[in-house]
Amino acid sequence: MTPVWTSTVGAPRLARMLNAPGTGADAGTDRTGPTRPGASGADRRSEPAYRSLAEGIRMLVAEGRLPTAARLPAERELAAALSVSRTTVAAAFQRLRAEGWIASRRGSGSWTTVPAGRPLPTRGLDPLPPDGDPGVIDLGYAALPAPQELLTRAFTGALDALPPAARTHGDFPAGLPALREALADRYTARGVSTMPEQIMVTTGAMGGLAAVRRLFAPPGERVAVEHPSYANVLQLMRQSGLRLVPVAMREGLGGWDLPAWRAVLRGGAPRLAYVVADYHNPTGALAPDDARRELVAAARAAGTVLIVDETMADLRLDTPPEGIPRPVAALDPGGAAVVTVGSASKTFWAGLRIGWVRAAPELIRRLVAGRAHADLGSPVLEQLALTWLLTGDGWDEAVRLRRAEVRVNRDALVEALRRHLPDWRFEVPSGGLTLWTRTGGVSGSRIAETGERLGVRVPSGPRFGIDGAFDGHLRLPFTLPPVVAVEAVTRLAAAARAVADGRLGTVGAPGDYIA
């Protein structure tokens with residue numbers, strides 16, 4: 001029986017993934033490849049080449065960067081692409097077969113698998129399974145627990161307002177009129193004149209992004225993305241068959257590299273571009289006013305639709321010296337170049353699965369018309385709860401609570417990193433929920449894998465990049481209370497020491513190697 005493959009990975013692409021030279025913020029760091037990242041020079045010379053190659057492929061599969069059931073190139077082709085002997089590739093494949101990471105059949109080739117009993121990996125930010133170990137500290141979520149008292153009040157208000165909506169069919173493809181009006185009023189108050197006809201309510205920000213993608217970008221279309229970028233959006237684009245065009249971010253919190261953006265927009269004319277201007281996920285960068293204006297002008301000139309993700313916009317922790325930048329949509333008065341996506345998930349609670357799209361009225365009508373083939377509409381009770389928050393003082397109260405809580409969490413995380421991992425390099429973001437750190441020349445992928453054995457789960461840098469970039473980075477959210485954050489960093493420090501010392505196979509329980 002011929003195996004069913006999810007995709008085919010050519011030798012040149014696999015070689016690039018194994019030897020990905022970091023770009024932008026990744027330049028000069030170690031990387032996944034035939035030599036084990038984080039190893040010393042002596043270790044690299046002494047480690048058999050086939051073992052390093054097998055480890056590189058295993059990490060690509062374990063992190064979801066190579067999907068399961070992906071057909072691998074022939075041994076001879078991969079050997080030529082990597083400039084190694086065919087014997088080296090054959091020995092690496094044999095090791096992977098023995099460990100359950102690939103399967104082979106004569107006449108059909110080899111394809112990726114996952115060992116029995118191990119959960120299937122994803123390339124996005126997959127949560128722990130429901131039966132996960134409660135002793136594991138999960139840094140995979142950039143989201144906060146609900147503000148309990150405010151949540152109760154919001155849903156009490158929603159239940160009071162439910163009877164009129166309950167007397168209808170319950171399908172509101174554009175969203176409840178009252179919520180659309182409340183969201184339009186919020187944009188107008190921020191300096192972006194908006195009518196309810198310019199709002200479509202969606203099931204989370206991802207629902208809005210998916211709707212815009214379906215309208216503008218059929219499979220094969222080019223989409224420009226920041227590099228690094230939000231992992232779940234990158235995966236959404238990949239699964240949709242889009243061709244991702246990475247544009248490197250500037251170092252630290254510098255934000256967009258505008259000359260690079262102008263070159264990509266002018267030379268490639270991508271149909272869409274996805275950016276996070278406010279407290280970028282993962283880097284935390286905040287784009288200043290002049291950069292926003294220049295990017296909008298470049299997108300308009302290229303005919304590119306700029307999708308601006310504002311899910312972090314309310315989480316300002318420190319006021320920038322140059323002042324608070326305007327929303328990107330305020331710099332596009334005609335509404336032809338910018339589509340804004342927002343959500344209640346970061347400011348309020350991820351369990352309130354309500355997002356929205358703000359765009360020109362004609363575009364909203366087209367998005368609503370196309371929704372009949374997707375989810376028809378978002379849950380009414382949740383929409384009523386968000387309406388209650390936005391039309392009273394609830395949303396502003398939530399923003400105040402969140403800013404105070406997140407500021408304390410951020411400062412505790414930063415202090416713990418500086419104490420326990422002084423060789424890691426990062427910039428302290430002025431808002432949002434995420435910190436992007438270099439890992440001192442040690443592979444972030446291997447720190448993440450070893451950390452899970454020590455009871456801390458963290459997404460490694462390559463999840464936020466393309467073709468294996470950013471292996472010298474981790475994304476750390478500051479969403480945990482200080483005591484838990486300190487313990488998480490202590491475990492990460494133990495994992496980093498284990499990787500640097502070559503003790504990958506000896507790390508055991510969470511208490512091991514913790515100073």
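This is a short tour of a predicted model, with suggestions for what to select at each stop.

**Stop 1: the seven-stranded sheet**

Start by colouring the strands β6 to β12. They build an open sheet of seven strands, and if you walk across it the order is β6-β12-β11-β10-β9-β7-β8, with mixed pairing. Now pick out the two edges: β6 (199-202) and β8 (243-248) each pair on one side only. Tilt the view a little and look at how the strands are set: neighbours in this sheet are turned by 20° against each other on average, direction ignored.

Zoom in on the β6 edge next. Which way does β6 pair with β12? Select residues 355-358 to show β12; the two strands run in the antiparallel sense and share four bridges. For one spot along that pairing, click Ile199, which stands opposite Arg358 in β12.

**Stop 2: the helix across the sheet**

Keep the sheet on screen and add residues 204-216. That is helix α8, and it lies across β6, β9 (272-275), β10 (305-309), β11 (338-343) and β12. Compare its direction with β11: α8 runs at about 155° to that strand.

**Stop 3: Gly370**

Select residues 361-370 to bring up helix α12, which includes Gly370. Is Gly370 buried or exposed? Neither label fits: its relative accessibility is 30%, so Gly370 counts as partly exposed. Now show Leu215 as well. Gly370 and Leu215 are 155 residues apart in sequence, yet their C-alpha atoms are 7.6 Å apart in space.

**Stop 4: two crossing helices**

Hide what you have and select 49-62 (helix α3) together with 444-453 (helix α15). Their axes come within 11 Å and cross at roughly 70°, which means α3 is roughly perpendicular to α15. The crossing of α3 past α15 is left-handed.

Turn on side chains to see who meets whom. From α3 come Glu55, Gly56, Arg58 and Met59, and they meet Ser445, Arg446 and Glu449 of α15. What kinds of residues make up this contact? One is nonpolar, two are polar and four are charged.

**Stop 5: a covered strand**

Finish with residues 473-477, strand β16, which is mostly covered: five of its five residues are buried. Look along the strand and you can sort the side chains by direction. His473, Arg475 and Pro477 point one way, while Leu474 and Leu476 point the other way.

Then add residues 434-438 to see β14, which pairs with β16 in the antiparallel sense over five bridges. To check one of the links, click Thr437: its bridge partner in β16 is Leu474.

Key:
Residues are numbered from 1 along each chain as its sequence is written. This is a predicted model: local features need pLDDT of at least 70, side-chain atom pairs count only at pLDDT 80 or more; totals for chains, interfaces and linings use all residues. Side-chain values use heavy atoms; hydrogens and water are left out. Two strands pair if DSSP finds at least two bridges between them. Axes are lines fitted to C-alpha atoms, for helices over the stretch in contact, and angles run from 0 to 180 degrees between N-to-C directions. Contact means heavy atoms within 4.5 Å. Angles under 35 degrees count as roughly parallel, over 145 as roughly antiparallel, 65 to 115 as roughly perpendicular and the rest as oblique. A crossing is left-handed if the near helix is turned anticlockwise from the far one by less than a right angle, and right-handed if clockwise. Ala, Val, Leu, Ile, Met, Phe, Trp, Tyr, Cys and Pro count as nonpolar, Asp, Glu, Lys and Arg as charged, and the others, Gly among them, as polar. Buried means under 20% relative accessible area, exposed over 50%, partly exposed in between (1.4 Å probe, protein chains only).
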